[in-house]
Amino acid sequence: MSRPKVEPTGADPVDRAVGQRLRALRQERRLSLEKVAASTGLSIGFISQVERGLSSPSLRVLALLADTLQTGIGGLFEGAPSEKDPDPIVVFERDRAELKLWRAGITKQLLTPAGGTQSLSLFHMVLEPKASTGDELFSHDGEEAGLVLEGRLTLVVEARTLELAAGDSFRFASHRPHRFGNPDGRTRAVVLWVNALAGERPAGP
């Protein structure tokens, strides 16, 4: 099984929080590390390190784990501890759950209520100069769309490389191999990003 090239870290607080959320979801679904490893193609040791906050997962790894845990990437965000609304509808700016993929230079703020099964998740995503998901294409269940609010975005979907600027928007099925990044070396990119889970993966390209 493959092991992503991610160096162990000294239990960064952000990595630790993500790892705790992943472990909680895995245990809720009564999945062993062995089953998650078999489903994702990741090694048991690497998944264990991610759960303990000792390795910083990439967006590709998070997408793989979210699929296996039967949730959207938004489901990996922990809800605010003080949140008492049993039927949350509004997310106030001060209460946004945040996920920092600090090695990749990407910060995602969840604009929809956190926790539980996220069939539709809306994100405010910031990509620092030259930030990207990496050179490797990845895929997962669902569908995604977005609108570039600031800066530029390079979006690769299968064999197509698309250059987007502020005001440009996109939509594609998430099972199509893809990656993205900020091509600018001096300014950040800001994207309104939507991830939606699909009931059934479409056949064909």
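A residue is called buried here when its relative accessible area is under 20%. With that cut-off in hand, let us walk through this structure, which is a predicted model.

## The chain as a whole

The secondary structure comes to 4 helices and 9 strands. Following the sequence, you meet them in the order α-α-α-α-β-β-β-β-β-β-β-β-β. Of the 205 residues in the chain, 42% are buried. The accessible surface is about 10800 Å², and carbon and sulfur atoms account for 50% of that area. Contacts that are distant in sequence are well represented: among those between residues at least 6 apart, 69% join residues at least 24 apart.

## Helix α3 and what covers it

A good place to begin is helix α3, residues 44-51. How many of its residues are buried? The count is 6 of 8, so α3 is mostly covered. The buried residues are F46, I47, S48, Q49, V50 and E51. The elements that cover them include α1 (13-28), α2 and α4. After α3 comes G53, which has a positive phi near 80°.

Helix α2 (residues 33-40) is one of these covering elements, and its axis comes within 9 Å of that of α3. The two axes cross at roughly 110°, and α2 and α3 are therefore roughly perpendicular to each other. The crossing is right-handed. On the α2 side, the contact is made by L33, E34, V36, A37 and T40, while α3 brings I44, I47, S48 and E51. Sorted by character, the residues of this contact are 5 nonpolar, 2 polar and 2 charged.

The spacing of such contact residues is easier to read with the helix repeat in mind. An α-helix has 3.6 residues a turn, so residues three or four places apart point the same way.

Putting the two descriptions of α3 together, I47, S48 and E51 are among its buried residues, and I47, S48 and E51 also take part in the contact with α2.

## Helix α2 against α4

Helix α2 also meets α4 (59-68), the helix that comes before the loop leading to β1. Here the axes come within 10 Å and cross at roughly 115°. This crossing, too, is right-handed. V36, S39 and T40 of α2 meet L64, L65 and T68 of α4. The residues of this contact divide into 3 nonpolar, 3 polar and no charged.

Two residues of α2 deserve a second look. V36 and T40 belong to the contact with α3, and V36 and T40 are also among the α2 residues that meet α4.

## Residues in the loops

Several loop residues are worth finding in the structure. What is notable about the backbone of Q70? Its phi is positive, near 55°, although Q70 is not a glycine. Q70 sits in the loop between α4 and β1 (97-101), and its relative accessible area of 61% makes it exposed. E93 lies in the loop between α4 and β1 as well, and at 62% relative accessibility E93 counts as exposed.

K130 is another non-glycine residue with a positive phi, in this case about 65°. K130 is located in the loop between β3 (120-127) and β4 (143-150). With a relative accessibility of 56%, K130 is exposed. The loop between β3 and β4 also holds G134, which is partly exposed at a relative accessible area of 26%.

Further along, T187 lies in the loop between β8 (178-181) and β9 (189-196). Is T187 buried or partly exposed? At 41% relative accessibility, T187 counts as partly exposed. Neighbours within four places in sequence aside, T187 is in contact with P129 and N182.

Three of these loop residues can also be placed by their C-alpha distance to a residue elsewhere in the sequence:

| Pair | Separation in sequence | C-alpha to C-alpha distance |
|---|---|---|
| T187 and G151 | 36 residues | 6.8 Å |
| G134 and R60 | 74 residues | 8.8 Å |
| E93 and L111 | 18 residues | 8.1 Å |

Note on methods: Residues are numbered from 1 along each chain as its sequence is written. This is a predicted model: local features need pLDDT of at least 70, side-chain atom pairs count only at pLDDT 80 or more; totals for chains, interfaces and linings use all residues. Side-chain values use heavy atoms; hydrogens and water are left out. Buried means under 20% relative accessible area, exposed over 50%, partly exposed in between (1.4 Å probe, protein chains only). Contact means heavy atoms within 4.5 Å. Accessible areas come from the Shrake-Rupley method with a 1.4 Å probe; for residues, only the protein chains shown count as cover. Axes are lines fitted to C-alpha atoms, for helices over the stretch in contact, and angles run from 0 to 180 degrees between N-to-C directions. Angles under 35 degrees count as roughly parallel, over 145 as roughly antiparallel, 65 to 115 as roughly perpendicular and the rest as oblique. A crossing is left-handed if the near helix is turned anticlockwise from the far one by less than a right angle, and right-handed if clockwise. Ala, Val, Leu, Ile, Met, Phe, Trp, Tyr, Cys and Pro count as nonpolar, Asp, Glu, Lys and Arg as charged, and the others, Gly among them, as polar.
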